[in-house]
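This report is meant to be read alongside the sequence and the coordinates of the chain and its ligand. It takes up the overall division of the chain first and then moves to finer details.

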Amino acid sequence: MDALEELAGLLTSGKMLSMGAEAAVYLTSFMGENFVVKYRFPKKYIHPLLAEELIVKRTKREARVLLNTRLNGLCVPRLFFTMLSKGILVMEKINGSRLDELIGKVYPGEEQSTTFSRIYYNIGVVLGKLHSMNIIHGDFSVSNLMIKDEGLTELCIIDFGLSDFSNDPEDRAMDLRILFKSMESRFPRYLPSFRDKVIQGYKAGITGFNFNSVIQRLREMELRGRYVKERRRKHKTSVHNI
Ligand SMILES: Nc1ncnc2c1ncn2[C@@H]1O[C@H](COP(=O)(O)OP(=O)(O)O)[C@@H](O)[C@H]1O
Ligand SMILES: [Mg+2]
């Protein structure tokens, strides 16, 4: 075993926080400090060379955007160390809850409270700021947003592996679409108020591009989505009637 592999082994030996389709996330401590280690592993069904290329690309992208966004004042985990060839990022542990966990924990009715309205508005502001840097998150879902425990005010973004640089309104609208879809699939009842607040915040958070061009694209996507859903439903009904 070479030194690099040994180090990689050490870094991924903590408590597992999550095991996704392409990355495992661990909580490790070193000299009394907690760290999060994200390790992208090669997928078995992809050719090893392609798998490595993909791992390096996504890890590099995540590292670059973590540094970039932090420099611009957004709350993202501080990046401490990278081992690109092994798909490893070592970063700050955000002491907080994911948005989906937080909503899941509250009592019925509370999700409409001013605390939540403020969080939702903030999500829009933060996404607006991200887009104003011409960064697209690529997977801006309720499970990639964290709210710090302290005061429940600070909103942090994680998981930038699918991010990209773009100023295309369509790409920007896609981030909003993914966010609303993720909310709809987890907590459909809260979607209308969530959507309103996020869009208000988004409008307030953006600089240097046109709000309406993004919202128009979003509406088009939503209409297309509804049309496809409707078609599927009709198709199912007609098949059942045969
Ligand atoms: N910096 C961090 N601080 C605290 N928890 C984190 C951090 N990064 C990731 N996590 C936890 O690990 C989970 C998976 O990490 P994520 O980067 O979203 O990877 P995946 O691509 O598997 O979704 C997150 O949903 C969150 O619960
Ligand atoms: Mg994630």
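The paragraphs below describe the domains, the ligand shell, the strands, the nonpolar core and a few single residues.

The structure is a predicted model, and the description should be read with that in mind. The domain assignment divides the protein chain into domain 1, which covers 3-92, and domain 2, which covers 96-230. The C-alpha centres of domain 1 and domain 2 lie 24 Å apart. Where the two domains touch, 11 residues of domain 1 are in contact with 13 residues of domain 2, and the side contributed by domain 1 is made up of six nonpolar, two polar and three charged residues.

Ligand 1 is surrounded by 18 residues, of which the closest are Ser 18, Gly 20, Pro 77, Ile 94 and Asp 159. Among the secondary-structure elements, strand 1 (15-19), strand 2 (23-30), strand 3 (33-40) and strand 5 (88-92) are those that give two or more residues to this shell. Sorted by class, the shell around ligand 1 holds eight nonpolar, five polar and five charged residues. Both domains take part in the shell, since domain 1 (3-92) and domain 2 (96-230) each provide at least three of its residues.

The strands that contribute to the ligand shell are also linked to one another by pairing, as set out in the table.

| Strand pair | Sense | Bridges |
|---|---|---|
| Strand 1 and strand 2 | antiparallel | four bridges |
| Strand 2 and strand 3 | antiparallel | eight bridges |
| Strand 3 and strand 5 | antiparallel | five bridges |

Individual residue pairs help to place these strands against each other. Between strand 1 and strand 2, which form a hairpin with three residues between them, Lys 15 has Leu 27 of strand 2 as its bridge partner. Further along the set of strands, Tyr 26 stands opposite Val 37 in strand 3, and Ala 23 stands opposite Arg 40, likewise in strand 3. On the way to strand 5, the bridge partner of Val 36 is Met 91.

Strand 2 and strand 3 also form a hairpin, with two residues between the strands, and Met 31 is found in the loop that joins them. Although Met 31 is not a glycine, it has a positive phi of about 50°, a point worth checking because most residues other than glycine have a negative phi. Is Met 31 buried or exposed? Met 31 counts as exposed because there are 4 C-beta neighbours inside 10 Å.

A second residue can be set beside Met 31. Leu 152, which lies in the loop between strand 8 (145-148) and strand 9 (155-157), also has a positive phi of about 50° although it is not a glycine. Leu 152 has 15 C-beta neighbours inside 10 Å and therefore counts as partly exposed.

Turning to the interior, the largest nonpolar core contains 50 residues, and those that touch the most other members are Val 37, Tyr 120, Ile 123, Leu 145 and Val 198. The largest share of this core, eight residues, is supplied by helix 4, which spans residues 114-132. Domain 1 (3-92) and domain 2 (96-230) each give at least three residues to the core. Val 37, named here as a core member, is the residue that faces Tyr 26 from strand 3. For Leu 145, leaving aside residues up to four places away in sequence, the residues touched are Arg 98, Leu 99, Ile 123, Leu 155 and Ile 157; of these, Ile 123 is itself among the core residues that touch the most other members.

Finally, Glu 6 is found in helix 1, which runs over residues 3-11. Glu 6 counts as exposed because 10 C-beta neighbours lie inside 10 Å, and the cut-off for that label is 12 or fewer. Glu 6 and Glu 52 are 46 residues apart along the chain, and their C-alpha atoms are separated by 19 Å.

Notes: Residues are numbered from 1 along each chain as its sequence is written. Chains are lettered from A and ligands numbered from 1 in the order in which they are written. This is a predicted model: local features need pLDDT of at least 70, side-chain atom pairs count only at pLDDT 80 or more; totals for chains, interfaces and linings use all residues. A residue is near a molecule or strand if its C-beta atom, placed from the backbone, lies within 6 Å of it. Ala, Val, Leu, Ile, Met, Phe, Trp, Tyr, Cys and Pro count as nonpolar, Asp, Glu, Lys and Arg as charged, and the others, Gly among them, as polar. Domain bounds come from an automatic or database domain assignment. Two residues are in contact if their C-beta atoms, placed from the backbone, lie within 7 Å. Two strands pair if DSSP finds at least two bridges between them. A nonpolar core is a set of buried Ala, Val, Leu, Ile, Met, Phe, Trp, Tyr and Cys residues joined through C-beta atoms within 7 Å. A residue is buried if 20 or more other C-beta atoms lie within 10 Å of its own, exposed if 12 or fewer, and partly exposed in between; C-beta atoms are placed from the backbone.
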